[in-house]
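Student: Could you take me through one part of this model up close? I'd like to start with a single helix and see where that leads.

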Amino acid sequence: MSQRLLSLLSAAHPNAANHSVFPRPEGRARRSGVYTALLAATLLASCSGTKYIPEGSKLYTGSTVKVKSDSAIPNEAVLTTELESVITPKPNTSFFGIRPKLYFWHLGEGKTKGLGKWLANKYGEKPVLLSQVDTQKVKGLMINRLYNNGYFKPTVHSQVDVQGQAAHVNYTATVGKPYTIKEIYFPEGDSLLPRAVRATQPASLLKVGDPYNLQTFTNERTRIDAALKNQGFYYFAPDYILFQVDSTLNNQVNVYLKVKEKTPERAAKPYVLNRVRLNTDYSLSDTTLSERPILYKKYQYFPSEDVFTAKSITNATFLYPDSVYRRRRQDQTLSRLMSLGVFRYVDIGFRPARAKADSAGYGFLNSYVRMTQVPKKSIRAEVLLVSKENGFVGPGFQVQFRNRSALRGAEQLVVNATGSFENQTRSNANTIGLTSYELGVDAQLQIPRLITPPLPFLDVRLPSSDFQPRTFIGAGVKRVERRQAFQQDLFNLNYGYTWKTKLTNEQTLRPIDIQYLKLGNTSRSFDSLLVDRPFLANSFRQQFILASSYRYTYNQQALEQRRNQVYFSGGVELAGNLAYLFSSLTNQKQVETASGDQAYTLAGQQFAQYTKVDLEFRNYFRTSANPTSGNKIATRVLIGAGLPYKNSSVLPYLKQYGIGGPNSVRAFPARGIGPGTYRPPVSRENSYFYDQVGDLRFEANAEYRQDLFPYVKGALFIDAGNIWLVNPDPSRQTVDAEGNPDGKNGQFGFNSFLKELAVGAGAGIRIDVQFFVIRLDYAYPLRVPYNNTEVVRPGLNSSFNVQDNKGRLNIAIGYPF
């Protein structure tokens, strides 16, 4: 701020040699320089905030901490940071010595209303004075922290450094060599509690030779408590563990871990579960326990099996009658029951079984598990604006019916009826398939258990997981009609499993994924298009897709306290291999395809054969230490590869990749890039939408997100990517920099793919109300992949014209990744 003001003053008083006819007296020039310096100093004082300090007071500008020792200091930076954390108060916010918040505070000083008062309340900050600093208190806290870290004879000194109206405090801590642990002794004795504590010693956090550290002792108590809770010690608490430290040795300590003598009797013994009651219809006015329970595998089940069978609920319950209480099983039961998706609340409690006598030193607990149901059946209807990555937008509807216990086993039956009318907004009036209608019905049955043949290496209950595994069975049918192009019916049937072993990972195995595509009622224009391009004829043909797939997802976004979060999703899909093997072994006849190749058929229809791999990497780094901050750097890399072979020369159209659009490379329209350097010429301007798909995909995105105002965030981003073909396609000719055919015809090349990436950058605004995000991104193309710049398609989106590239405004729902 002061530098800018000085430059303005210099401009207002130019030197005489360049801007004046009459020379100025030397003394006058000298006085002018003095006045300028005084004015600059006054302005600098105003910006630094010292101008607003009461007379006789000093502005506190912060403190520094230095640790001194005659020997090496382990983890000196960590120790210094810990000592800095106890310093109070915090100084006023400063930016390169400038404190604008003090200026805003001064505007409202002595005022009760008005603009100055509002600015003071909104942006101001009261001066923090040196008189508010209690150095004795801070030094005492520092000495305490040094003791906690094994420095038993420290000294801390403070010194105030005054500079004009400002003051700075320097703290110097002098320490010796830190104490280390020499020996560790766990409690002796043959009773249940000492033996249980002693059994945890192999996993102890205390290690011989490690520095003495109070936090490690605290963590050790917590660890022992958790271990005992899983051995039946329900009433035990960390406070019942006591550490005695002998520090009379030479910079070493002996640690004696003991159980407090006044530990309550009930905390000193393990407990066995006597009776477990399951109530699946609990409410505050509950009367179900007055009914006669259903006895199932020693469980008392209430109220009846009209909605849920006892077997289905006990399958998700890991509290077993006549077993030792374990906190792990309690937490697992709570998580499993909630993950069924049929209960609004689940509560687990325990009471002593008073009428039950102790046996061999064990106590007994009665457990109750109370569950409040979500309504069994529901129906939901939505009217929405459909916006797809292929550029189609329009109104749509969805009606969903859900039965949360269709077979009385917490199986969820979900039936969806969907429909939409869509229009391809980025094309001209001659584009075939401009208008699209879709109507479909699909159903999925989600069964909360794994239904598999007996496997010796797999316990289908996944007893170590907190999440309920599921088997799903789905089926659906959809009709798509694109006016002036084609009508297509799609049928699908799938069967598979999904399970989680941890909060951060999920796996999905779909051994059966059958799709049948039937093309009918094609227009003459579309028929001509298929004749002109055999690859489209092959990808749109009537065919079976007999696939199996597996996907693994690792997601740290659920760990909200982590500053750096990683996301990975990888999947592989195999199609047609078993059908091809069977056909070849049984000498089935082959038919000729549209491209002249020979292929096997199933029920008179050709089937697709390919392998497809998709990888997605994301990283979210929060730039602020505050866990609630939305300021972060988000990055993503997408890699996809589909390899058709044997019975197929090209991937089915719905399995091919497209790139561009509001969730991809935002400076280009949906499916407006590639493959490679291909660009549809003028002669194909009425069908280019079908051209720009490929077998390989590479995409990378980087975005900086910044909180602006409540519910409003900003972003700066850059995107890059393209698609390519595995096999060259002569009908999609690509050219070199001089406009001559390069012979690659959209095919991927290791030496050239980086040069063929489309690149765009831009900025955006996001209205984020947590459950709903409206996103506006404006992106501008920085590099286009195609080289035939002399080709211009009038009437189409200008971002395709290299000679007249313009930015694009993307309006979307949700974040791009």
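Tutor: Sure, let's start with helix α7, residues 135-148. At 1.5 Å a residue (times one less than the number of residues), its 14 residues should span 20 Å, and the end C-alpha atoms are 20 Å apart, which agrees. Helices here are DSSP runs of H or I of at least four residues, strands are E runs of at least two, and both are numbered from the N terminus.

Before going on, a word on where this comes from: the model is predicted, so local features need pLDDT of at least 70 and side-chain atom pairs count only at pLDDT 80 or more, while totals for chains, interfaces and linings use all residues. Residues are numbered from 1 along each chain as its sequence is written, and side-chain values use heavy atoms, leaving out hydrogens and water.

Back to α7. D134 caps its N-terminal end, with a side-chain oxygen 3.3 Å from the backbone nitrogen of Q136. Just after the helix, G150 takes a positive phi of about 95°. Along α7, the residues T135, V138, K139, M142, L146 and N148 are buried (under 20% relative accessible area with a 1.4 Å probe, protein chains only; exposed is over 50%, partly exposed in between). These buried residues pack against β1 (59-69), α4 (76-84), β2 (155-163), β3 (166-175) and α9 (214-229), where contact means heavy atoms within 4.5 Å.

For another helix, look at α6, residues 115-123, where G116, L119 and A120 are buried. Seen down the axis of α6, they fall within an arc of 100°, so they line one face of the helix; the arc is taken from the directions from the helix axis to the C-beta atoms. An α-helix has 3.6 residues a turn, so residues three or four places apart point the same way. On the other side of α6, L115, N121 and K122 are exposed. The cover over the buried residues of α6 includes α5 (100-107).

Now back to the neighbourhood of α7 for some rings. Y147, F152, Y179, Y212, F217 and F243 are linked into a cluster by ring pairs. Rings of Phe, Tyr and Trp (its six-membered ring) pair if their centres lie within 6.5 Å; planes under 30 degrees apart are stacked, over 60 edge-to-face, the rest tilted. By that rule there are 28 aromatic pairs. Take Y580 and Y600: their ring centres are 5.3 Å apart and their planes at 75°, so this pair is edge-to-face.

Definitions and conventions
Polar contact = N/O pair within 3.5 Å; in protein donor to acceptor, adjacent residues only side chain to side chain.
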